[in-house]
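Got the model open in your viewer? Here's a quick tour of some spots to click on.

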Amino acid sequence: MGFRGSHILSITQFERAEIEHIFSVADRMEPYAHRQRASKVLDGAILGNMFFEPSTRTRVSFGCAFNLLGGEVRETTGIKNSAIAKGESLYDTARVLSGYSDAIVMRHPESGSVAEFAAASRVPVINGGDGANEHPTQALLDLYTIKKELLSHDRTVDGLRIAMIGDLKYGRTVHSLCKLLSLYDNIKLVLISPKELQMPAEVVENLREAGHEVVVSDQLEENIQHLDIVYSTRIQEERFSSPEEADLYRGRFRLNQTIYTKYCEPNTVIMHPLPRDSRVAANELDNDLNENPNLAIFRQTDNGVLVRMALFALVLDVVDLVDKYSHDVRWYAGGRF
Ligand code: CP
């Protein structure tokens with residue numbers, strides 16, 4: 001694919017070389033995301049940030065990424081605050097908003113809705129999560145993080161050993177991440193979930209067709225040994241018919257420091273797309289892991305800004321202009337990175 005003017009709707013639209021290109025552009029965004037330099041390359045551009053489903057990090061990090069490149073952000077949050085609540089179609093919404101914006105990020109509770117919206121949009125649309133279907137930019141930031149974490153141990157993504165744990169049926173982040181990993185070689189995936197919440201069969205089939213080893217289990221401890229990454233996920237309560245139905249699965253697979261020390265290799269990296277459910281009944285990733293140096297969850301969220309800046313720079317075709325329209329920051333910006 002060419003990036004200029006393209007929608008980003010599914011991880012399946014990318015070849016491996018394009019993924020590597022996104023990551024190399026993301027690396028170049030570091031001085032801006034880390035507040036050493038400020039760029040005005042998107043001065044005058046407007047992002048329509050349309051979140052029709054709850055979000056903290058995807059919505060805010062997309063907005064920050066656009067701001068860090070010098071652009072402005074206009075937001076709509078929640079269906080009830082938009083004219084969709086009055087019966088307006090996705091087609092009409094897309095025609096209207098693409099007149100106001102230079103790029104649009106959209107999250108929506110229905111699978112396929114962002115693609116439907118993009119078909120009517122006159123500007124590039126990026127999928128910020130469509131129902132249980134896909135979350136392509138989360139998969140990109142996850143793989144970018146995996147790559148960096150492995151590099152610190154002289155490893156590459158090829159040969160990766162990873163467990164995905166939790167609600168693999170409704171978890172769109174793991175769907176996109178599996179599709180992305182199918183572009184790499186010789187991966188071992190251990191898919192740990194309640195039987196009722198297993199990874200969709202076509203995703204597993206796709207991984208096996210790509211030559212990867214896939215283990216499916218409903219047991220945690222015996223399956224998190226000898227791995228590079230354990231990737232925990234939340235029970236996707238919003239996809240169930242009632243909170244009580246989700247309660248049947250909450251708290252089934254809890255990772256804490258005691259279990260980590262007993263079963264995981266000392267360098268196993270702990271990931272989660274967040275939000276983690278820290279309520280007592282769930283607590284899939286315990287707070288007692290917060291000081292564990294292998295807990296990468298906040299490195300993931302920081303990396304999300306780099307990857308999303310890279311996507312905007314690529315889609316709006318300004319990669320080689322970011323540095324030209326930049327200056328040193330004038331404020332105290334130390335300590336965070
Ligand atoms: N990972 C993720 O999509 O988080 P938010 O729901 O907060 O955007």
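What follows is a short briefing, grouped by topic. Keep in mind that this is a predicted model. We'll start with a pair of packed helices, move on to two helices with a buried side, then look at some single residues and the backbone oddities.

**Helix α6 against helix α11**

- Helix α6 covers residues 136-151 and helix α11 covers residues 297-315; the two pack at an angle of about 115°, with 8 Å between their axes.
- The crossing of α6 past α11 is right-handed.
- On the α6 side, the residues making the contact include Leu140, Leu141, Tyr144 and Lys148.
- On the α11 side, Asn303, Gly304, Val307 and Leu311 are among them.
- Sorted by class, the α6 contact with α11 is a mix: 6 nonpolar, 6 polar and 5 charged residues.

**Two helices with a buried side**

- In α8 (residues 201-209), the residues Val203, Val204 and Leu207 are buried. They span an arc of only 100° around the axis, so they sit on the same side of α8.
- Flip to the other side of α8 and you'll find Ala201, Glu202 and Glu209 exposed.
- The cover over the buried residues of α8 includes α7 (172-181), β7 (188-192) and β8 (213-217).
- Just after α8 comes Gly211, which has a positive phi near 90°.
- In α4 (residues 90-100), the buried residues are Leu90, Thr93, Ala94, Leu97 and Ser98. Their arc around the axis is only 120°, so these residues share the same side of α4.
- Among the elements covering the buried residues of α4 are β2, β4 (103-108) and α5 (113-120).

**Buried single residues**

- Asn49 is part of strand β2, which runs over residues 46-51. With a relative accessible area of 0%, Asn49 counts as buried.
- Where does the side chain of Asn49 reach? It gets to the backbone oxygen of Arg59, at 3.0 Å.
- Beyond its neighbours within four places in sequence, Asn49 has contacts that include Phe62, Val73, Thr76 and Val105.
- Val157 sits in the loop between α6 and β6 (161-165), and Val157 is buried at 5% relative accessible area.
- Not counting residues up to four places away in sequence, Val157 touches Leu143, Lys147, Leu150, Leu181, Tyr184, Asp185 and Ile187.
- If you want a distance to check in the viewer, the C-alpha atoms of Val157 and His175 are 17 Å apart, with their positions 18 residues apart along the chain.
- Arg239 belongs to the loop between β9 (229-232) and α9 (243-247). Is this arginine, Arg239, buried or exposed? Arg239 is buried, because its relative accessible area of 16% falls under the 20% cut-off.
- Setting aside neighbours within four places in sequence, Arg239 is in contact with Glu53, Pro109, Gly131, Ala132, Tyr170 and Arg172.

**Backbone oddities**

- Most peptide bonds are trans, and most residues other than glycine have a negative phi.
- The peptide bond from Leu274 to Pro275 is cis, with omega near 0°. You'll find Pro275 in the loop between β10 (269-271) and α11.
- Asn283 is also placed in the loop between β10 and α11. Asn283 has a positive phi near 50°, and it is buried at 15% relative accessible area.
- Arg35 has a positive phi too, near 60°. Arg35 lies in the loop between α2 (30-33) and β1 (37-39), and at 21% relative accessibility it counts as partly exposed.

Note on methods
Residues are numbered from 1 along each chain as its sequence is written. This is a predicted model: local features need pLDDT of at least 70, side-chain atom pairs count only at pLDDT 80 or more; totals for chains, interfaces and linings use all residues. Side-chain values use heavy atoms; hydrogens and water are left out. Helices (H or I, at least four residues) and strands (E, at least two) are DSSP runs, numbered from the N terminus. Buried means under 20% relative accessible area, exposed over 50%, partly exposed in between (1.4 Å probe, protein chains only). A polar contact is a pair of N or O atoms within 3.5 Å; within protein, one must be able to donate a hydrogen and the other to accept it, and residues adjacent in sequence count only if both atoms are side-chain atoms. Contact means heavy atoms within 4.5 Å. Axes are lines fitted to C-alpha atoms, for helices over the stretch in contact, and angles run from 0 to 180 degrees between N-to-C directions. A crossing is left-handed if the near helix is turned anticlockwise from the far one by less than a right angle, and right-handed if clockwise. Ala, Val, Leu, Ile, Met, Phe, Trp, Tyr, Cys and Pro count as nonpolar, Asp, Glu, Lys and Arg as charged, and the others, Gly among them, as polar. The arc is that of the directions from the helix axis to the C-beta atoms.
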